[in-house]
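Open the model in your viewer and get ready to click through some side chains. Each stop says what to select and what you'll find there.

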Amino acid sequence: MKTILITGAAGDVGTHLRRELAGKYLLRVSDLRALKKINEAEQFVRADISKFQDALRITKGVDAVVHLGGYSVEGPWDAILNANIIGCHNMFEAARVTGVKRIIFPSSNHATGFYRRDERAKHRIDHRVYPKPDGRYGVSKVFGEALGSLYADKYGMQVFCIRIGNVNPEPIDKRRLSIWCSPRDIAQLVTIGIEHPKIHFEIVYGVSRNKRSWYDNSNAHRLGYRPQDKSEPYADKVLEREKPDANPIMEMYQGGTFTVLEEVPNPARLPKKKGRT
Ligand code: 15L
């Protein structure tokens with residue numbers, strides 16, 4: 001049985017994946033925080049992936065890395081830089097140094113969040129479109145994809161990037177009807193990333209079979225993805241409780257709130273006021 005390292009295992013996606021992949025793989029699960037429950041087939045290793053030695057320690061001896069670890073929403077630049085830029089580079093570098101060939105990099109819909117929601121009518125938003133990140137978080141995901149491309153081309157690694165929509169047991173609002181991904185569908189995509197014999201560098205969208213999808217996910221289908229779930233049966237319930245959106249920018253772009261969120265200022269970087277130290 002293959003041993004798979006999952007970083008960021010305490011987060012929402014990590015928790016769903018651990019449940020869905022249990023029994024198929026030996027899971028080495030890692031996070032900064034302790035995990036609430038660890039099952040017998042899992043090995044927990046605490047790590048701060050912004051430290052290279054930690055990244056190296058947890059990566060040694062695994063067959064593949066599912067690198068979920070990092071800052072998972074828009075946030076202050078320092079946090080994104082540490083977790084998603086330095087941390088991500090550390091994980092790719094640790095895999096290269098320890099000889100782990102395969103990395104599944106969960107990217108995000110926010111790598112392309114500044115595409116308009118009606119874009120699909122004019123152009124296919126597929127794995128080949130140029131990125132249009134909707135914040136620093138989105139930029140960090142584009143960085144991870146670019147790094148993956150470099151490590152595939154330069155070092156022969158096999159890199160599978162999943163631009164994840166929103167993983168939840170059910171779609172939670174109107175925007176998520178378009179980008180929802182059920183836990184078993186994301187697990188199917190991750191499994192393709194681990195098992196497919198011909199991966200060099202791929203980008204797919206992590207979404208279920210949603211009628212309202214904004215993407216052309218034919219690359220995922222080409223690699224064998226057959227989503228089991230769809231958001232439409234939840235549509236009436238979701239739309240009934242949807243509040244009218246006051247912000248036309250959020251409504252226009254795929255990234256929703258991320259397109260209007262501003263970075264939370266880091267107080268240490270603000271200019272000092274006179275008389276204050
Ligand atoms: C993401 O990339 C985030 O990690 C997740 O927390 C959600 O905000 C999701 O996108 C989304 O767009 O719903």
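A quick definition before the first stop: buried means under 20% relative accessible area, exposed means over 50%, and partly exposed is what falls in between. Keep in mind, too, that this is a predicted model.

**Stop 1: two tyrosines**

Select tyrosine 205 and tyrosine 215. Their rings are stacked, with 4.1 Å from centre to centre and 15° between the planes. Tyrosine 205 sits in strand 9 (residues 201–206), while tyrosine 215 is in the loop between strand 9 and helix 7 (218–222). Buried or exposed, tyrosine 215? Its relative accessible area is 7%, so tyrosine 215 is buried. Tyrosine 205 is buried as well, at 0%.

**Stop 2: helix 3 and its neighbours**

Now go to helix 3 (residues 77–98) and show glutamate 93 and arginine 96. They form a salt bridge, and the closest N and O atoms are 2.7 Å apart. The two residues are three apart in the helix, so about one helical turn separates them. Glutamate 93 is buried at 15% relative accessibility, whereas arginine 96 is partly exposed at 35%.

Keep arginine 96 on screen and add tyrosine 155: the arginine lies over the face of that ring, 4.9 Å from the ring centre. Then add Phe92, Phe105 and Tyr151, which together with Tyr155 form one aromatic cluster.

**Stop 3: glutamate 251 and two partners**

Jump to glutamate 251 in helix 9 (residues 248–252). Which residues does it bridge to? One partner is arginine 117, with the closest N and O atoms 3.7 Å apart. Arginine 117 belongs to the loop between strand 5 (102–108) and helix 4 (136–155), so this pair ties together parts that are 134 residues apart in sequence. Another partner is lysine 174, where the closest N and O atoms are 3.0 Å apart. Lysine 174 is in helix 5 (residues 174–179), 77 residues away from glutamate 251 in the chain. As for accessibility, glutamate 251 is partly exposed at 27%, lysine 174 is partly exposed at 28%, and arginine 117 is buried at 16%.

**Stop 4: an edge-to-face pair**

Next, pick phenylalanine 114 and tyrosine 253. This aromatic pair is edge-to-face, 4.8 Å centre to centre with 80° between the planes. Phenylalanine 114 is in the loop between strand 5 and helix 4, and tyrosine 253 is in the segment after helix 9, so the pair ties together parts 139 residues apart in sequence. Phenylalanine 114 is partly exposed at 27%; tyrosine 253 counts as buried at 19%.

Now show tyrosine 115 and lysine 132. The charged end of lysine 132 sits over the tyrosine 115 ring, 5.7 Å from its centre.

**Stop 5: a salt-bridge network**

Select Arg124, Asp126, Arg128 and Asp216 together, and you'll have a network of linked salt bridges. The whole structure contains 20 salt bridges.

**Stop 6: the largest pocket**

Finish with a surface view of the largest pocket, which has a volume of about 990 Å³. To find it, centre on Leu68, Gly70, Tyr71, Ser72 and Val73, the residues nearest its centre among the 43 that line it. Which element gives the largest share of the lining? Helix 3 does, with five residues. Colour the lining by type and you get 17 nonpolar, 19 polar and seven charged residues.

Key
Residues are numbered from 1 along each chain as its sequence is written. This is a predicted model: local features need pLDDT of at least 70, side-chain atom pairs count only at pLDDT 80 or more; totals for chains, interfaces and linings use all residues. Side-chain values use heavy atoms; hydrogens and water are left out. A salt bridge is a side-chain nitrogen of Lys or Arg within 4 Å of a carboxyl oxygen of Asp or Glu. Helices (H or I, at least four residues) and strands (E, at least two) are DSSP runs, numbered from the N terminus. Buried means under 20% relative accessible area, exposed over 50%, partly exposed in between (1.4 Å probe, protein chains only). On a 1 Å grid over the protein atoms alone, a cavity is a set of points where a 1.4 Å probe fits but cannot get out, and a pocket is an open set with protein on both sides within 12 Å along at least five of seven lines; lining residues have an atom within 4 Å of a point. Grid points are joined across faces, edges and corners, and a volume is the space filled by probe spheres set on the points. Ala, Val, Leu, Ile, Met, Phe, Trp, Tyr, Cys and Pro count as nonpolar, Asp, Glu, Lys and Arg as charged, and the others, Gly among them, as polar. Rings of Phe, Tyr and Trp (its six-membered ring) pair if their centres lie within 6.5 Å; planes under 30 degrees apart count as stacked, over 60 as edge-to-face and the rest as tilted. A charge sits over a ring if NZ of Lys or CZ of Arg is within 6 Å of the ring centre and within 35 degrees of the ring normal.
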